[in-house]
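Q: Hi! Could you walk me through this one while I have it open on my screen?

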Amino acid sequence: MSGTNAGSSLDAELSGLLGAHWITDGSRLEALRGDRSGLIAEGRGIGLAEPADTEQAAAVLRIAAAHGVPIVPRGAGTGLAGGGVVGAGRIALSTARMTEIREIDPVDQVAVVGAGVINGELDRAAREYGLRYAPDPASRAISTIGGNIATNAGGLLCAKYGVTREAVLGLTAVLADGRVLRTGRRSVKGVTGYDLTALLVGSEGTLGVITEATVRLIPRPDVEPVTVGAVLPDLGGALELCRELQAAGQRPALLEIMDARSLAAVTRYLPEADRPGPFAGPLGAGSAAVIVQWDAEGAGAAAERAMRLVDALGGRAIRCDDEAGGERVLGVRRAMNPALPNGTDVLIEDVCVPRSRLAEMYAAIARIEAETGIEIPTAGHAADGNLHPHLSVRAEDRTPGGEIPERVWDAAARVFRAALDLGGTLTGEHGIGVLKARWLRDELGDESFALQRGIRQLFDPRGQLNPDAVFVADDPGANANGDTVP
Ligand SMILES: Cc1cc2nc3c(=O)[nH]c(=O)nc-3n(C[C@H](O)[C@H](O)[C@H](O)COP(=O)(O)OP(=O)(O)OC[C@H]3O[C@@H](n4cnc5c(N)ncnc54)[C@H](O)[C@@H]3O)c2cc1C
């Protein structure tokens with residue numbers, strides 16, 4: 001956009017289209033500079049557009065394209081990779097008004113929903129039909145279906161039911177020039193053409209703005225879940241227990257692991273009354289935890305076997321045969337987030353390795369801790385091999401603006417390298433966003449990087465959609481597609 005006239009004409013066109021839902025109020029734009037990653041974008045965005053539906057979203061994108069102004073799609077802003085932060089020269093396109101659960105079909109077992117529907121609300125609505133929406137990020141009470149799809153969010157239950165990608169059948173998305181794309185289907189099967197639905201899942205707002213989704217629902221289990229929470233004398237015992245639990249018998253619905261530093265942080269944070277069974281303490285210095293749950297016929301026998309294994313490994317455990325008890329045990333794992341929140345003091349990372357290599361990943365993290373002096377409490381989804389190292393910022397390393405210091409990023413880079421060397425990935429579920437864009441090529445390799453950037457260019461030739469995330473300009477004269485801008 002150039003010149004005041006262009007700016008005021010953009011403003012006039014968007015307020016003409018959206019009325020009070022074109023927002024340029026300073027405090028609203030200030031809040032959009034951040035998300036839950038701790039990243040704060042430089043400067044404030046131009047405005048916040050809140051279209052009511054796909055057609056209005058398409059009109060917003062057409063207007064923005066005509067003025068050459070980049071768009072950042074925005075769900076609830078709970079992202080942990082900085083992909084939704086809105087800085088100077090950008091328009092935020094929010095799905096906050098697309099909150100309609102248009103349809104729940106118990107025969108097809110699908111729901112058709114607006115992108116702004118909150119994950120937990122969809123699951124609650126599905127419950128009335130005996131169904132569930134399985135992808136359950138820990139942010140399910142606050143994050144949107146559109147944001148979950150854009151980041152391919154995972155959660156505890158993904159051990160058994162798969163990540164968001166497995167639950168998405170079809171999408172409506174608006175492309176950078178305002179064209180409306182409909183992908184996928186609502187049938188269980190279908191192989192016509194390329195799978196553009198899967199391509200959009202995890203695209204972090206760089207290929208299109210998702211406005212509506214057709215998602216798969218599954219029957220709710222008809223047995224009470226059985227949960228075992230165990231404290232083992234050391235991390236080796238916890239890893240051994242995870243291996244045994246996956247090697248034989250029923251597949252757990254969830255399987256979580258916490259190392260000694262994680263367990264210590266949660267113990268400090270949670271009152272004793274909220275720490276059931278062995279979590280109430282006292283805990284040995286190197287103690288580590290495993291929480292496992294089954295939700296199908298035979299769950300009791302699986303739990304019995306788990307209790308015997310814990311005993312043989314010298315640990316202590318609590319078993320709960322109802323949902324409420326299970327929730328209390330899971331509360332210990334869920335307390336990791338509030339105990340060590342992402343922000344100025346902690347950088348939460350998200351590596352994922354083949355689960356057979358979890359022990360090696362933990363060993364690599366311990367080496368990086370010893371060599372850098374940075375503490376890295378690490379908990380994660382053991383069944384997926386997805387670990388969340390919480391890199392701590394030491395008081396003496398704090399930066400005046402509260403940004404994560406380069407020293408901590410250097411340690412994070414070593415964690416990423418270790419995951420890649422073990423056949424894993426930089427990010428299991430949080431996405432690349434802005435914060436990890438500099439490591440993208442390391443994982444993809446040159447061929448895949450170039451091909452994927454070409455796909456981005458095909459969808460958005462001028463590099464206008466979320467240009468600061470995932471694929472970013474490699475030099476100041478280029479756009480997000482890598483093309484030189486005249
Ligand atoms: C306490 C807490 C716990 C969390 N736990 C988990 C967890 O267990 N698993 C997990 O995977 N993540 C977790 N997260 C991270 C976060 O909640 C997820 O990444 C979530 O999917 C983001 O959804 P959102 O609606 O907040 O999207 P935003 O943060 O607004 O956006 C995230 C990204 O998606 C893009 N985007 C958003 N909406 C759209 C759309 N409609 N179309 C196109 N692009 C869009 C944005 O541009 C941005 O790149 C957690 C975060 C917090 C704060």
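A: Happy to. A term for the ligand shell comes up right away: Ala, Val, Leu, Ile, Met, Phe, Trp, Tyr, Cys and Pro count as nonpolar, Asp, Glu, Lys and Arg as charged, and the others, Gly among them, as polar. By that scheme, the shell around the ligand has 10 nonpolar, 20 polar and four charged residues. Please keep in mind that this is a predicted model, where local features need pLDDT of at least 70, side-chain atom pairs count only at pLDDT 80 or more, and totals for chains, interfaces and linings use all residues. Residues are numbered from 1 along each chain as its sequence is written, and side-chain values use heavy atoms, with hydrogens and water left out.

Q: Thanks! Which residues come nearest to the ligand?
A: Pro73, Thr78, Gly79, Ser139 and Thr144 do, out of 34 residues around the ligand. A residue is near a molecule if one of its heavy atoms lies within 4 Å of it.

Q: And which polar side-chain atoms lie close to an oxygen atom of the ligand, in Å?
A: Thr151 has a polar side-chain atom 2.9 Å from a ligand oxygen, and for Asn466 the distance is 3.3 Å. Gly154 uses a backbone N or O atom, which lies 2.9 Å from a nitrogen atom of the ligand.

Q: How much of the ligand does the protein bury?
A: The protein buries 95% of the 970 Å² that the ligand exposes when taken alone. Those accessible areas come from the Shrake-Rupley method with a 1.4 Å probe; for residues, only the protein chains shown count as cover.

Q: Which element gives the largest share of the shell?
A: That's α5, with five residues. β3 (71-74), α5 (145-151) and β10 (209-216) each supply at least two residues of the shell. Helices (H or I, at least four residues) and strands (E, at least two) are DSSP runs, numbered from the N terminus.

Q: What about domains?
A: Domain 1 (3-94) and domain 2 (101-219) each provide at least three residues of the ligand shell, with bounds from an automatic or database domain assignment.

Q: Switching topic: how many aromatic pairs are there?
A: Three. In one of them, Phe416 and Trp439 sit edge-to-face, 4.9 Å centre to centre with 70 degrees between the planes. Phe416 is in helix α15 (residues 406-421) and Trp439 in the loop between α15 and α16 (440-459), so the pair links distant parts of the chain, 23 residues apart. Rings of Phe, Tyr and Trp (its six-membered ring) pair if their centres lie within 6.5 Å; planes under 30 degrees apart count as stacked, over 60 as edge-to-face and the rest as tilted. Trp409 joins Phe416 and Trp439 in one aromatic cluster.

Q: Are Phe416 and Trp439 buried or exposed?
A: Phe416 is buried at 1% relative accessible area, and Trp439 counts as buried at 10%. Buried means under 20% relative accessible area, exposed over 50%, partly exposed in between (1.4 Å probe, protein chains only).

Q: Nice. Where is the cis peptide bond?
A: From Gly281 to Pro282, with omega near 0 degrees. Pro282 is in the loop between α10 (260-269) and β14 (288-294).

Q: What is unusual about the phi of Asn152?
A: Asn152 has a positive phi of about 50 degrees although it is not a glycine. Asn152 sits in the loop between α5 and α6 (158-161) and is buried, at 12% relative accessible area.

Key. A polar contact is a pair of N or O atoms within 3.5 Å; within protein, one must be able to donate a hydrogen and the other to accept it, and residues adjacent in sequence count only if both atoms are side-chain atoms.
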